[in-house]
Amino acid sequence: MISIKSPREIELLKKAGEITGQTLSYLKQFVKPGITTKELDKLAYDFILKQGATPSFLNYDGFPASLCTSINDEVVHGIPSNRKLKEGDIISLDVGACYKGYHGDSAITCPVGKISKEKAYLIEHTEKSLYEGLSAIKAGAKIGDIGYKVQSYAEAHHLGVVKELVGHGVGTDVHESPDVPNYGEKNTGITLKEGMVIAVEPMLNLGTADISILDDDWTIVTDDAMPSAHFEHTVLVTKEGYTILTKR
Ligand code: MG
Ligand code: MG
(Lines give C-alpha, C1' and ligand atoms only; values in the text may rest on other atoms or scores of the structure.)
(Ligands and ions follow the chains in the order given, each with its own letter.)
Protein backbone atom coordinates (compact mmCIF):
# COMPACT_ATOMS: atom_id res chain seq x y z
CA MET A 1 0.00 0.00 0.00
CA ILE A 2 1.22 3.49 -0.81
CA SER A 3 0.63 5.84 2.08
CA ILE A 4 -0.47 9.46 1.83
CA LYS A 5 1.16 11.31 4.69
CA SER A 6 -0.84 13.46 7.11
CA PRO A 7 0.31 17.03 7.89
CA ARG A 8 1.73 15.77 11.20
CA GLU A 9 3.68 13.01 9.45
CA ILE A 10 4.96 15.48 6.86
CA GLU A 11 6.36 17.67 9.64
CA LEU A 12 8.25 14.69 11.09
CA LEU A 13 9.48 13.62 7.64
CA LYS A 14 10.70 17.17 7.06
CA LYS A 15 12.69 17.07 10.28
CA ALA A 16 14.12 13.61 9.49
CA GLY A 17 15.00 14.80 5.98
CA GLU A 18 16.65 17.93 7.29
CA ILE A 19 18.88 15.91 9.63
CA THR A 20 19.72 13.52 6.79
CA GLY A 21 20.71 16.37 4.45
CA GLN A 22 22.73 18.07 7.17
CA THR A 23 24.58 14.83 7.86
CA LEU A 24 25.81 14.70 4.26
CA SER A 25 26.77 18.40 4.29
CA TYR A 26 28.70 17.76 7.50
CA LEU A 27 30.47 14.64 6.18
CA LYS A 28 31.63 16.25 2.92
CA GLN A 29 34.37 18.27 4.63
CA PHE A 30 36.00 15.07 5.92
CA VAL A 31 36.22 13.36 2.52
CA LYS A 32 39.97 13.61 1.95
CA PRO A 33 42.83 11.25 1.16
CA GLY A 34 43.81 9.25 4.27
CA ILE A 35 40.48 9.07 6.10
CA THR A 36 39.00 5.59 6.47
CA THR A 37 35.40 4.82 5.64
CA LYS A 38 34.96 3.58 9.21
CA GLU A 39 35.94 7.03 10.46
CA LEU A 40 33.34 8.59 8.16
CA ASP A 41 30.76 6.16 9.52
CA LYS A 42 31.57 7.13 13.12
CA LEU A 43 31.25 10.83 12.23
CA ALA A 44 27.83 10.13 10.68
CA TYR A 45 26.68 8.12 13.70
CA ASP A 46 27.73 10.79 16.21
CA PHE A 47 26.24 13.63 14.15
CA ILE A 48 22.86 11.93 13.73
CA LEU A 49 22.61 11.13 17.45
CA LYS A 50 23.50 14.70 18.34
CA GLN A 51 20.50 15.89 16.27
CA GLY A 52 18.17 13.71 18.37
CA ALA A 53 17.75 11.10 15.63
CA THR A 54 18.97 7.55 15.04
CA PRO A 55 20.74 6.13 11.96
CA SER A 56 18.15 4.43 9.72
CA PHE A 57 20.58 1.95 8.19
CA LEU A 58 22.33 0.65 11.33
CA ASN A 59 21.16 -2.97 11.72
CA TYR A 60 18.68 -2.55 8.85
CA ASP A 61 18.44 -6.13 7.53
CA GLY A 62 21.68 -6.64 9.45
CA PHE A 63 23.65 -3.80 7.80
CA PRO A 64 26.52 -3.16 10.24
CA ALA A 65 26.91 0.63 9.90
CA SER A 66 25.15 4.00 9.82
CA LEU A 67 26.57 5.02 6.45
CA CYS A 68 27.00 3.24 3.13
CA THR A 69 30.42 4.06 1.67
CA SER A 70 30.86 2.97 -1.95
CA ILE A 71 34.20 3.70 -3.61
CA ASN A 72 34.89 3.89 -7.38
CA ASP A 73 33.39 0.75 -9.00
CA GLU A 74 31.23 0.12 -5.92
CA VAL A 75 27.71 1.21 -6.81
CA VAL A 76 25.92 1.16 -3.45
CA HIS A 77 25.83 -0.55 -0.02
CA GLY A 78 29.59 -0.47 0.56
CA ILE A 79 30.39 -1.37 4.18
CA PRO A 80 32.64 1.04 6.11
CA SER A 81 36.02 -0.49 6.87
CA ASN A 82 39.66 0.40 7.54
CA ARG A 83 40.13 1.18 3.83
CA LYS A 84 41.67 4.63 3.42
CA LEU A 85 40.45 7.01 0.74
CA LYS A 86 43.05 7.82 -1.91
CA GLU A 87 43.57 10.87 -4.08
CA GLY A 88 41.56 10.34 -7.27
CA ASP A 89 38.89 8.08 -5.71
CA ILE A 90 35.22 8.91 -5.78
CA ILE A 91 33.03 7.88 -2.88
CA SER A 92 29.26 7.65 -2.60
CA LEU A 93 27.86 8.38 0.84
CA ASP A 94 24.32 7.14 1.44
CA VAL A 95 22.69 7.88 4.79
CA GLY A 96 19.32 7.84 6.53
CA ALA A 97 18.17 9.43 9.78
CA CYS A 98 15.11 8.42 11.77
CA TYR A 99 13.35 11.13 13.78
CA LYS A 100 10.43 10.15 16.03
CA GLY A 101 9.80 7.10 13.88
CA TYR A 102 10.07 8.80 10.46
CA HIS A 103 12.97 8.51 8.03
CA GLY A 104 14.99 10.54 5.56
CA ASP A 105 17.20 8.96 2.89
CA SER A 106 19.79 10.74 0.77
CA ALA A 107 23.05 10.13 -1.08
CA ILE A 108 25.86 12.07 -2.74
CA THR A 109 29.03 11.13 -4.59
CA CYS A 110 32.15 13.11 -3.68
CA PRO A 111 35.57 13.47 -5.28
CA VAL A 112 38.58 12.60 -3.12
CA GLY A 113 41.14 15.28 -3.91
CA LYS A 114 41.76 15.71 -7.63
CA ILE A 115 39.86 13.25 -9.83
CA SER A 116 39.95 12.36 -13.52
CA LYS A 117 37.83 14.19 -16.08
CA GLU A 118 35.84 11.02 -16.66
CA LYS A 119 34.95 10.65 -12.98
CA ALA A 120 34.03 14.35 -12.76
CA TYR A 121 31.77 13.89 -15.81
CA LEU A 122 30.10 10.89 -14.18
CA ILE A 123 29.45 12.78 -10.93
CA GLU A 124 28.16 15.89 -12.69
CA HIS A 125 25.70 14.03 -14.90
CA THR A 126 24.51 11.59 -12.26
CA GLU A 127 23.56 14.54 -10.06
CA LYS A 128 21.86 16.26 -13.01
CA SER A 129 19.93 13.08 -13.82
CA LEU A 130 18.49 13.16 -10.31
CA TYR A 131 17.12 16.68 -10.86
CA GLU A 132 15.85 15.64 -14.31
CA GLY A 133 13.93 12.81 -12.65
CA LEU A 134 12.60 15.07 -9.92
CA SER A 135 11.36 17.55 -12.54
CA ALA A 136 8.72 15.00 -13.61
CA ILE A 137 7.14 14.92 -10.14
CA LYS A 138 3.79 16.47 -9.36
CA ALA A 139 0.40 15.19 -8.29
CA GLY A 140 -1.18 13.44 -11.27
CA ALA A 141 2.12 12.45 -12.93
CA LYS A 142 3.08 8.77 -13.18
CA ILE A 143 5.99 6.96 -11.58
CA GLY A 144 7.20 6.01 -15.09
CA ASP A 145 7.60 9.70 -15.95
CA ILE A 146 10.43 9.93 -13.38
CA GLY A 147 12.32 6.90 -14.68
CA TYR A 148 11.83 8.01 -18.27
CA LYS A 149 13.48 11.35 -17.50
CA VAL A 150 16.42 9.79 -15.64
CA GLN A 151 17.01 7.16 -18.30
CA SER A 152 16.74 9.57 -21.25
CA TYR A 153 19.19 11.95 -19.61
CA ALA A 154 21.65 9.20 -18.66
CA GLU A 155 21.56 7.57 -22.09
CA ALA A 156 22.01 10.92 -23.84
CA HIS A 157 25.21 11.20 -21.80
CA HIS A 158 26.31 7.62 -22.54
CA LEU A 159 26.05 6.47 -18.93
CA GLY A 160 24.81 3.02 -17.84
CA VAL A 161 21.60 3.02 -15.78
CA VAL A 162 21.55 0.46 -12.97
CA LYS A 163 18.14 -1.22 -13.12
CA GLU A 164 18.28 -3.83 -10.35
CA LEU A 165 18.14 -1.17 -7.63
CA VAL A 166 15.43 1.46 -7.47
CA GLY A 167 14.09 4.38 -5.46
CA HIS A 168 11.22 3.87 -3.06
CA GLY A 169 8.58 5.35 -0.79
CA VAL A 170 9.76 6.73 2.57
CA GLY A 171 7.84 7.00 5.85
CA THR A 172 7.83 4.98 9.04
CA ASP A 173 9.93 2.50 7.08
CA VAL A 174 12.97 3.73 5.18
CA HIS A 175 11.94 1.57 2.21
CA GLU A 176 8.22 1.60 1.47
CA SER A 177 6.04 1.23 -1.62
CA PRO A 178 6.13 2.26 -4.37
CA ASP A 179 9.29 1.29 -6.25
CA VAL A 180 10.72 4.26 -8.14
CA PRO A 181 12.80 2.87 -11.03
CA ASN A 182 15.44 4.94 -12.81
CA TYR A 183 14.13 3.75 -16.17
CA GLY A 184 10.74 3.43 -17.77
CA GLU A 185 8.13 4.75 -20.13
CA LYS A 186 6.22 7.98 -19.89
CA ASN A 187 2.67 7.73 -18.57
CA THR A 188 3.09 4.27 -17.03
CA GLY A 189 2.95 3.00 -13.47
CA ILE A 190 1.10 4.35 -10.48
CA THR A 191 -0.18 7.91 -10.27
CA LEU A 192 1.63 10.26 -7.90
CA LYS A 193 -0.58 11.91 -5.32
CA GLU A 194 -0.16 14.92 -3.11
CA GLY A 195 1.26 13.81 0.26
CA MET A 196 3.29 10.86 -1.04
CA VAL A 197 6.94 10.85 0.03
CA ILE A 198 9.44 9.12 -2.26
CA ALA A 199 13.20 8.76 -2.64
CA VAL A 200 14.56 9.16 -6.17
CA GLU A 201 18.08 7.77 -6.51
CA PRO A 202 19.79 7.28 -9.86
CA MET A 203 22.85 5.05 -9.86
CA LEU A 204 24.78 5.64 -13.09
CA ASN A 205 27.88 3.89 -14.40
CA LEU A 206 30.63 5.23 -16.61
CA GLY A 207 30.60 1.89 -18.41
CA THR A 208 27.85 -0.67 -18.87
CA ALA A 209 24.83 -1.01 -16.57
CA ASP A 210 25.76 -4.52 -15.42
CA ILE A 211 26.36 -5.11 -11.72
CA SER A 212 27.12 -7.92 -9.25
CA ILE A 213 27.09 -8.38 -5.49
CA LEU A 214 30.30 -9.14 -3.56
CA ASP A 215 30.77 -12.03 -1.13
CA ASP A 216 30.00 -9.73 1.81
CA ASP A 217 26.37 -9.96 0.58
CA TRP A 218 26.06 -6.17 0.57
CA THR A 219 28.47 -4.34 -1.71
CA ILE A 220 27.22 -3.90 -5.27
CA VAL A 221 29.95 -3.40 -7.90
CA THR A 222 30.03 -2.78 -11.63
CA ASP A 223 30.91 -5.84 -13.70
CA ASP A 224 33.34 -3.92 -15.90
CA ALA A 225 35.08 -2.30 -12.87
CA MET A 226 34.28 1.17 -14.23
CA PRO A 227 33.24 3.82 -11.68
CA SER A 228 29.67 4.39 -10.56
CA ALA A 229 27.94 7.39 -8.94
CA HIS A 230 24.78 7.78 -6.86
CA PHE A 231 22.66 10.78 -5.91
CA GLU A 232 19.44 10.63 -3.91
CA HIS A 233 16.85 12.94 -2.40
CA THR A 234 13.71 12.20 -0.43
CA VAL A 235 10.89 14.43 -1.71
CA LEU A 236 7.29 15.25 -0.90
CA VAL A 237 4.87 15.18 -3.84
CA THR A 238 2.84 18.40 -4.00
CA LYS A 239 0.02 19.66 -6.19
CA GLU A 240 2.39 21.81 -8.22
CA GLY A 241 5.55 19.70 -8.07
CA TYR A 242 7.71 18.51 -5.22
CA THR A 243 9.55 19.67 -2.12
CA ILE A 244 13.02 18.28 -1.38
CA LEU A 245 13.04 17.12 2.25
CA THR A 246 16.76 16.23 2.37
CA LYS A 247 18.21 19.59 1.28
CA ARG A 248 21.91 20.11 1.95
MG1 MG B 1 19.81 6.01 0.37
MG1 MG C 1 17.08 5.02 -0.84
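This passage describes two magnesium sites and a charged surface patch in a predicted model.

The magnesium ion (ligand 1) is coordinated at 2.0 to 2.6 Å by Asp94, which is listed with two OD donors, by an OD atom of Asp105 and by an OE atom of Glu232. Along the sequence, the donor residues of this magnesium ion (ligand 1) follow the spacing D-x10-D-x126-E. Aspartate 94 belongs to strand E4 (residues 90-99) and aspartate 105 to strand E5 (residues 102-111), so the pair ties together parts that are eleven residues apart in sequence. Both aspartate 94 and aspartate 105 are buried.

The magnesium ion (ligand 2) has as its donors Asp105 (OD), His168 (NE2), Glu201 (OE) and Glu232 (OE), at 2.1 to 2.2 Å. The spacing of these donor residues in sequence is D-x62-H-x32-E-x30-E. Here the link is between distant parts of the chain: aspartate 105 is in strand E5, whereas glutamate 201 is in the loop between strand E9 (197-200) and E10, 96 residues apart. Glutamate 201 is buried, as is aspartate 105.

The two sites are joined through a shared residue. Aspartate 105 bridges the magnesium ion (ligand 1) and the magnesium ion (ligand 2), and the ions lie 3.1 Å apart.

On the surface, a patch of negative charge is formed by Glu164, Asp210, Asp223 and Asp224. Of these residues, aspartate 210 is placed in the loop between strand E10 (203-205) and strand E11 (211-213). Aspartate 210 counts as partly exposed because its relative accessibility is 44%, a value between the 20% limit for buried residues and the 50% limit for exposed ones.

Conventions
Residues numbered from 1 in each chain as written. Chains lettered and ligands numbered in written order. Predicted model: local features only at pLDDT ≥ 70, side-chain atom pairs only at ≥ 80, totals over all residues. Heavy atoms only, no water. Patch = residues over 30% accessible without salt bridge, like charges linked within 9 Å, V, L, I, M, F, W, Y side chains within 5 Å. Areas by Shrake-Rupley, 256 points an atom, 1.4 Å probe, with all protein chains shown as cover. Salt bridge = Lys/Arg side-chain N within 4 Å of Asp/Glu carboxyl O. Lys, Arg positive; Asp, Glu negative; His and termini not counted. Charge placed at Lys NZ, Arg CZ, Asp CG, Glu CD. Helix = DSSP H or I, 4+ residues; strand = E, 2+ residues; numbered from the N terminus. Buried < 20%, exposed > 50% of the residue type's maximum accessible area, 1.4 Å probe, protein only. Donors = N, O, S within 2.8 Å, 3.2 Å for Na, K, Ca; no water.
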